[in-house]
Amino acid sequence: MLVIISPAKRLDFDTPTPRAIVPKATQPEFMEDAETLVKTLRDYTPRRLTNLMGISKDLATLNQERYAAWRAPFTPDDAKPAMLAFKGDVYLGLQAGQLGTRDLNWAQKNVRILSGLHGVLRPLDLMQPYRLEMGTALKTGRGKDLYQFWDDRVTHTLNAVLEGRRSKVIVNLASNEYFGVVQPAKLAGRLLNVRFEDLNKGKYKVLSFFAKKARGMMTRYVIDKRISAPRGLLDFDYGGYYYAEAASSDDTLVFRRDGVDAPASA
């Protein structure tokens, strides 16, 4: 079984990587492809980056500086393991900073992070600061956007991980934007989607903030319990969620939670 999650816009490169983890760090698989994208982005002015990514001028300037400073191969001195570097809502639920060395080693084999710049990252793959969402319409020699750029590369990599495993299942805990880079018809295994619903005004709904955090919590649950088959997911209870069998199907597991107030923006 393999879990896939999304990256995050927010990053943490201030907190040092634990010393025990530094020797375990690895290089991303698609470094040459990432370098191709970085070279393309280096030609963009902050104004063009603002229009391309829909970000502020300050963020555009910051990322232009990041692309200019980007160098490969990465080292622990200038990069950080991906699972420890991302700090968005998913990672708020995951709390990777609390994982031990054995936990991260296990995650390295059983969790993958989809990435606009790197295609797919293992938890301990080093990365330098960047921002490049999968839905970005960045034109390259391979096509009009990142989905065309990555084509079936990510799917083939996921298949390679599944090869030889007893449970050939991909548990999709990624957002629609990032899962769009995966080609389900070419997957060499079963695809299992997961949906998180919260009771809101008398109805169960997918509330973005809660759902993102729940994806991280389930990833943490899988790591904590060393779950290697889908049936192990059914007992997931972190954050007050429970398995809603009647609302689930063969290809989608639904988890619900009662009595949690939605944030004002939900």
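This short talk covers the strand pairing around S6 and S7, and then one arginine in a helix. Please bear in mind that the structure shown is a predicted model.

I begin with strand S6, residues 169–173, which is mostly covered, with five of its five residues buried. The burial extends to both faces: Val-169, Val-171 and Leu-173 lie on one side, while Ile-170 and Asn-172 lie on the other.

Strand S6 has pairing partners that we can take in turn. Strand S1, residues 2–5, pairs with S6 in the parallel sense over four bridges; within that pairing, Leu-2 has Ile-170 as its bridge partner. Strand S7, residues 190–200, also pairs with S6 in the parallel sense, over four bridges. Here Ile-170 stands opposite Leu-191, and Val-171 has Leu-192 as its bridge partner.

Let us now follow strand S7 onward. S7 runs parallel to strand S10, residues 252–257, and six bridges join the two. One of the positions involved is Val-194, whose bridge partner in S10 is Leu-253. With strand S8, residues 203–205, S7 pairs in the antiparallel sense over three bridges, and Asn-200 stands opposite Lys-203. S7 and S8 form a hairpin with two residues between the strands. In that hairpin, Lys-201 takes a positive phi near 55 degrees.

Finally, I turn to Arg-220, which lies in helix H10, residues 208–225. Is this arginine buried or exposed? Arg-220 counts as buried because its relative accessibility is 14%, and the cut-off for burial is under 20%. Leaving aside residues up to four places away in sequence, Arg-220 touches Gly-93, Leu-94, Gln-95, Gln-98, Leu-99 and Tyr-238.

Technical notes
Residues are numbered from 1 along each chain as its sequence is written. This is a predicted model: local features need pLDDT of at least 70, side-chain atom pairs count only at pLDDT 80 or more; totals for chains, interfaces and linings use all residues. Side-chain values use heavy atoms; hydrogens and water are left out. Buried means under 20% relative accessible area, exposed over 50%, partly exposed in between (1.4 Å probe, protein chains only). Contact means heavy atoms within 4.5 Å. Two strands pair if DSSP finds at least two bridges between them.
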